[in-house]
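User: Please take a close look at the largest pocket, and tell me which residues line the largest pocket.

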Amino acid sequence: MTVKWHRRDYQMIASVINEALGESLYNGAVDAETKQRILQDIRDKFSYVFRVDNPEYQESLFREACGVKNVGL
């Protein structure tokens with residue numbers, strides 16, 4: 001069965017990622033840069049799935065809504 005993603009799904013997931021960015025999910029277990037990298041990876045994986053699912057998917061809007069800054073390697 002193939003999942004069909006919709007705009008409300010993109011918005012909900014972006015909201016969860018953005019909220020996680022502001023919370024202390026790791027209770028000091030990791031530094032801020034590591035937390036950014038983890039959330040960036042999650043955001044990018046969702047973005048890939050959405051892009052495959054919908055050729056009209058607007059990745060830039062999702063990335064902005066997530067609020068996760070790109071952390072260089």
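Analyst: Accessible areas come from the Shrake-Rupley method with a 1.4 Å probe, and for residues only the protein chains shown count as cover. By that method the protein chain of this predicted model exposes about 5300 Å², of which carbon and sulfur atoms supply 55%. The model is predicted, so local features need pLDDT of at least 70 and side-chain atom pairs count only at pLDDT 80 or more, while totals for chains, interfaces and linings use all residues. Residues are numbered from 1 along each chain as its sequence is written, and side-chain values use heavy atoms, with hydrogens and water left out.

The chain has three helices and zero strands, in the order α-α-α, where helices (H or I, at least four residues) and strands (E, at least two) are DSSP runs numbered from the N terminus.

As for the pocket (on a 1 Å grid over the protein atoms alone, an open set of points where a 1.4 Å probe fits, with protein on both sides within 12 Å along at least five of seven lines; lining residues have an atom within 4 Å of a point), the largest one holds about 220 Å³ of space, a volume being the space filled by probe spheres set on the points, which are joined across faces, edges and corners. Its lining consists of Arg7, Tyr10, Gln11, Ala14, Asn54, Glu56, Tyr57, Gln58, Leu61, Phe62 and Ala65. Helix H1 (7-22) and helix H3 (59-66) are the elements that give two or more residues to this lining, and H1 gives the most, with four residues.
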